[in-house]
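Dear colleague,

I am handing over the structure we spoke about, and I would be grateful if you could look through it alongside the notes below.

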Amino acid sequence: MQPLTASTSFSALQSHLASAKNWHLLDLFAQDSQRFADMSLKTGDLLLDYSKNLITAETLQLLLNLAHERGVEEQREAMFAGAKINTTENRAVLHTALRAPRDARLLLDGQDVIADVHAVLDQMRAFTQRVRSGQWRGHTGAAITDIVNIGIGGSDLGPRTVCQALRPFAQPGLQLHFVSNVDGCDLDAVLFRCNPETTLFIIASKTFTTLETMMNAHSARDWLLQHGCTEAALTRHFVALSTNTAAVKAFGIAPENMFPFWDWVGGRYSVWSAIGLSVALAVGFDHFAEFLQGAHTMDQHFRSAPLESNMPVLLALVGIWNRNFLGCSSLSIAPYLQDLRLLPAFLQQLDMESNGKSVARDGAALETASGPLVWGQAGTNGQHAYFQLLHQGTDVIPVDFIAALKPQHKLPGHHAALLANCFAQSEALMRGKSTEEVRSEMQAQGIDPAQIAALAPHRTFAGNRPSNTILMDALTPKTLGTLIALYEHKVFVQGVIWGVNSFDQWGVELGKVLAQKIQSELLSAARPQQHDSSTNGLVAIAKTAL
């Protein structure tokens, strides 16, 4: 594989950067009254405004040339066709198949993937109807009131984020809880709020061996047994999202209450699969189907639209420009929707686990930076936490603002104030405030000239800080699906350009292996001596407290 830095398009962008360093966004807007019209794009229920980035039409064309040269179109088609583009695990990457319509067809190793997907979706539909209607009952005959999803990583963060985002669509009287941390406080806090007679546990682990998940699952099992549930009745309180039938049966879960998924479903892409069962239970299967439909709408757009009018591609290319040419090492996600407050963490996992790589697909070391640090918080809370750094900090940090034009509540005045803050923050990051403007304001207030001279540097904002704004009409199951799929495909495009495998995560494995070794040492009488002096010392101290 040719290194990114060796490509003709990359060299052209480096040359272009020499003039770009002298631009200011205020000047770019002043010079082009059509800038917003030319640098915004609507598809489905989403609008992307990328005009507040340090780019021109020439920049975009050079970035598009880079995408063509790096094979984005070919890799995109390979993914949709089921080619095994996850080369280090020899797996296809088919999360898009999870939201394909029933009449689609895709063969993988001779098996019709779409038929398999819809068989599981039918199973999920029937199950959710039984639980939500009260037909499914616990061991004393009482209807289910609480559902606890036990998983970790994508098996937790995906459904947790979506359930929170779709809160207005949830069924009253049915409470969803999520447990992921091996820290017992996580499970203990949830069990404290639940009734063992009316609680259903969803155990989400493909192999049914995930350390954190299975420890929490066994503790939940013990809790039920301690509160009057018999071994035989456990099947009324547990279902599994897994493929390990033997382990599921040994745990006490009936095989017919096991919902499978496949090795071509990566954890951070799994909310569209059986891992989304908690979502379907919370909002109903029809709304879950709308969620899938929204993602499929973005899939179709991404697969068919020319690169120059392709929303995930444009979002990705702007990110490449900011990361590899303007030197922005971080990206802040700012959803101006309280129900999307978990989205920054979800996108953090999606982006950083996918593209947090330092070697290319062929094993060669990367010569450029890859995935940025992704973080954020819901607006307007973030404005009173970290926006000071965004405006006046020494690092330039691009921001993705996300907002809905219509609220899911009827409280007067709130939404106008929310949108005003969202739009004002992106404008302020772009405009800044010059020393002349600061001086003029203070002079009009009658402030002493000496004080003006002292305060002016503190009140000056350089501006010229890039951002995107993504607008939706309202936050619904369909628009949420479209939004998440947009970011999935953006991450894919960037991974192709950097030349990394966006679908493995070997970096998390070493810590898991070492943790098992240390756990056995903590629970035995042996003195730890297999590690460095720091780790040995920490283990020895911890043993005295356990």
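Is S205 buried or exposed? Before the answer, please keep in mind that this is a predicted model. With a relative accessibility of 2%, S205 counts as buried, since the cut-off for that class is under 20% relative accessible area. S205 belongs to the loop that runs between β7 and α9, and its side chain reaches the backbone nitrogen of F208 at 3.0 Å. Leaving aside residues up to four places away in sequence, S205 touches T210, T213, L241 and S242.

The strand that leads into this loop is part of an open sheet of five strands, which follow one another in the order β6-β5-β7-β8-β9 with parallel pairing. The edges are taken by β6 and β9 (258-259), each of which has a single partner strand, so one side of each is left without a neighbour in the sheet. Helix α9 (residues 211-226) packs on this sheet and touches β5, β6, β7 (199-204) and β8 (238-241), while its direction makes about 160° with that of β7.

Within the five-stranded sheet, you may like to look at the pairing of β5 (residues 146-150) with β6 (residues 175-179), which is parallel and extends over five bridges. Q175 in β6 is the bridge partner of D146, and further along N149 stands opposite F178 of β6. The connection between the two strands involves helix α7 (residues 154-165), and β5, α7 and β6 together make a right-handed β-α-β unit.

A second open sheet has six strands in the order β1-β2-β13-β12-β10-β11, and here the pairing is mixed. Its edge strands are β1 (40-43) and β11 (373-376), each of which pairs on one side only. On average, and with direction ignored, neighbouring strands of this sheet are turned by 20° against each other. Strands β12 (residues 399-406) and β13 (residues 467-474) run parallel and are joined by seven bridges, with N468 in β13 as the bridge partner of D400. Helix α19 lies across β2 (46-49), β10 (330-335), β12 and β13, and runs at about 155° to β13.

The loop between α19 (477-498) and α20 (509-522) contains W506, a residue that is exposed, with a relative accessible area of 51%; the cut-off that this value has to pass is over 50%. Once residues up to four places away in sequence are set aside, W506 touches T88 and E89, and its side chain is joined to that of T88 by a polar contact of 3.1 Å. For orientation across the chain, the C-alpha atoms of W506 and F259, which lie 247 residues apart in sequence, are separated by 26 Å.

Finally, there is helix α21 (residues 533-545), for which a simple check of length can be made. At 1.5 Å a residue, its 13 residues should span 18 Å, and the end C-alpha atoms are 19 Å apart, which agrees with that expectation. At the start of α21, a side-chain oxygen of D532 reaches to within 3.0 Å of the backbone nitrogen of S534.

With best wishes

Technical notes. Residues are numbered from 1 along each chain as its sequence is written. This is a predicted model: local features need pLDDT of at least 70, side-chain atom pairs count only at pLDDT 80 or more; totals for chains, interfaces and linings use all residues. Side-chain values use heavy atoms; hydrogens and water are left out. Two strands pair if DSSP finds at least two bridges between them. Helices (H or I, at least four residues) and strands (E, at least two) are DSSP runs, numbered from the N terminus. A crossover is right-handed if, with the strands pointing away from the viewer, the path from the first strand over the helix to the second runs clockwise. The expected span of a helix is 1.5 Å times one less than its number of residues. A polar contact is a pair of N or O atoms within 3.5 Å; within protein, one must be able to donate a hydrogen and the other to accept it, and residues adjacent in sequence count only if both atoms are side-chain atoms. Buried means under 20% relative accessible area, exposed over 50%, partly exposed in between (1.4 Å probe, protein chains only). Contact means heavy atoms within 4.5 Å. Axes are lines fitted to C-alpha atoms, for helices over the stretch in contact, and angles run from 0 to 180 degrees between N-to-C directions.
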